[in-house]
Amino acid sequence: MTARIGVIGGSGVYEIDGLEGAEWQTVETPWGPPSDQILTGRLGGVEMAFLPRHGRGHVHSPSSVPYRANIDALKRLGVRDVIAVSACGSFREAMAPGDFVIVDQFIDRTFERVKSFFGTGCVAHVSLAHPTCARLSALCAEAAAGDVRVHAKGTYLAMEGPQFSTLAESRMYRDHWGADVIGMTGMPEAKLAREAELCYASVAMVTDYDCWHPDHDAVDVAVVIRTLTANSKNAKHLVTQLPALLTDRPETCPCGCDRALDFALMTAPEKRDAALVAKLDAVAGRVLAG
Ligand SMILES: CSC[C@H]1O[C@H](OP(=O)(O)O)[C@H](O)[C@@H]1O
Ligand SMILES: Nc1ncnc2[nH]cnc12
């Protein structure tokens, strides 16, 4: 079967080309407005939905991105597979600027963001042991292949920002925490996608060596944008390859992403907050309805 594919574009990626019947749609959610309108259309006969994470014109900072609204809006549009694209710094010599890293693990160091759809009156605890979808991640690695070097896995350190890291932090993440790449937006996006039972893959495009590398200047925005611009064709290539790879999508995900809430809800049905349950219609309607 075909399924609608959602793409979240990061810094430097504010639209995607080549969509048939392209239309920017306004989507309302119970969590407020998403970062921007969502660009919908067909690519290779498959329904696509594209959302620029920071909004067109880069309006939202990593801390102010409306992560809950973004994930809810994509689910409301019928998206089941989310490919999140982001710029990142690298802690590994072998993960060089221009390379793509298919993130399979996260360390969440963010602290100023709402990280769950659930809360008082409807408590849920989903598993995050494997925060990305292995099926979708493998397909992203395949879709990215071409002129770009792709690393099939990597640990992404999500920092609050908006300032870049100090040298002491950079060394700590690299030498002691085992992080491979660093960015400011991977969390809570991945957590929320799991709560919403969406398959989520994270494609991190390396733009710099942060500030630890003795032979490279410390990261700044100019370097990030220069590297992203030089490699934009590789990001476009990835997106155009996705539909063909996802036409035979299994009805249920073998990784279980689409059943993440099966054993997660804790609040007794008679104790649930009706207003919160109503807000969860798109995210958790499968397990809450009825
Ligand atoms: C423009 S440099 C810092 C900025 O770039 C990354 O954005 P995104 O993850 O949305 O591609 C990083 O996380 C920061 O938000
Ligand atoms: N070094 C870095 N740290 C945090 N976010 C980034 N985005 C791109 N490069 C980054």
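Select Tyr209, which is found in the loop between β11 and α5. The model on the screen is a predicted one. Tyr209 counts as buried because it has 24 C-beta neighbours inside 10 Å, and 20 or more are required for that class. Display next Gly89, Ser90 and His216: leaving aside neighbours within four places in sequence, these are the residues in contact with Tyr209.

**The annotated binding site**

Extend the selection to Met184, Asp208 and Asp210. Together with Tyr209, these residues carry the feature "binding site" in an unreviewed UniProt entry.

Move to Asp208, which has its place in strand β11. Is Asp208 buried or exposed? Asp208 counts as buried because 23 C-beta neighbours lie inside 10 Å. Apart from residues up to four places away in sequence, Asp208 touches Gly89, Pro97, Val219, Val223, Val224 and Thr227. Gly89 is thus a contact of Asp208 and also of Tyr209.

One of the contacts of Asp208 is Val223, a residue of helix α5. Val223 counts as partly exposed because it has 17 C-beta neighbours inside 10 Å. Select Thr207 as well and draw a line between the two C-alpha atoms. Val223 and Thr207 are 16 residues apart in sequence, and 7.1 Å separates them in space. Beyond residues up to four places away in sequence, Val223 touches Thr207 and Asp208.

**The two ligands**

Select ligand 2. Which residues come nearest to ligand 2? Of the 13 residues around this ligand, the nearest are Ala87, Gly89, Ile182, Asp210 and Val219. Colour β5, β10 (181–183) and β11 (199–208), the elements that give two or more residues to this shell. The most comes from β5, with three residues. By class, the shell around ligand 2 has eight nonpolar, three polar and two charged residues.

Now select ligand 1. Its surroundings consist of Gly10, Ser11, Arg53, His54, Pro62, Ser86, Ala87, Gly183, Met184, Thr185, Val221 and Val224. Here the elements that give two or more residues are β5 (79–90) and α5 (221–230). In this shell there are five nonpolar, six polar and one charged residues. Ala87 deserves a label, for Ala87 appears around ligand 1 and among the residues nearest to ligand 2. Met184, which belongs to the shell of ligand 1, is also part of the "binding site" recorded by UniProt.

**Three paired strands**

Turn to strand β2 (residues 20–25) and strand β3 (residues 38–43). These strands run antiparallel and are joined by four bridges. To see how they face each other, select Glu23, which stands opposite Thr40 in β3.

Add strand β4 (residues 46–52). β3 and β4 also run antiparallel, with five bridges between them. Here Gly41 stands opposite Met48 in β4. β3 and β4 form a hairpin with two residues between them. Select Gly44 in the turn, where phi is positive, at about 55 degrees. While the strands are displayed, note a general rule: in a regular strand, side chains alternate between the two faces of the sheet.

**Helix α6**

Select helix α6 (residues 232–246), which has 15 residues. From first C-alpha to last, α6 reaches 22 Å, close to the 21 Å expected at 1.5 Å a residue. Which residues of α6 are buried? They are Ala235, Leu238, Val239, Leu242 and Leu246. A general rule helps in viewing this set: an α-helix has 3.6 residues a turn, so residues three or four places apart point the same way. Display β1 (4–9), β4, β5, α2 (134–144) and β11, against which the buried residues of α6 pack.

**Helix α1 and Asp72**

Select Asp72 in helix α1 (residues 67–76). Asp72 is buried because 26 other C-beta atoms lie within 10 Å. Apart from neighbours within four places in sequence, its contacts are Thr29, Trp31, Ala196, Ala282 and Val283. For a long view across the model, add Trp212: Asp72 and Trp212 are 140 residues apart in sequence and 37 Å apart in space, C-alpha to C-alpha.

**The annotated domain**

Finally, select residues 4–241, which an unreviewed UniProt entry labels "domain: Nucleoside phosphorylase". Over this range the chain is 26% helix and 27% strand. Label the C-alpha atoms at the two ends of the range, which are 14 Å apart.

Technical notes. Residues are numbered from 1 along each chain as its sequence is written. Chains are lettered from A and ligands numbered from 1 in the order in which they are written. This is a predicted model: local features need pLDDT of at least 70, side-chain atom pairs count only at pLDDT 80 or more; totals for chains, interfaces and linings use all residues. A residue is near a molecule or strand if its C-beta atom, placed from the backbone, lies within 6 Å of it. Ala, Val, Leu, Ile, Met, Phe, Trp, Tyr, Cys and Pro count as nonpolar, Asp, Glu, Lys and Arg as charged, and the others, Gly among them, as polar. UniProt positions are given in the numbering used here, feature names are shortened, and annotations may be inferred rather than shown by experiment. A residue is buried if 20 or more other C-beta atoms lie within 10 Å of its own, exposed if 12 or fewer, and partly exposed in between; C-beta atoms are placed from the backbone. Two residues are in contact if their C-beta atoms, placed from the backbone, lie within 7 Å. Two strands pair if DSSP finds at least two bridges between them. The expected span of a helix is 1.5 Å times one less than its number of residues.
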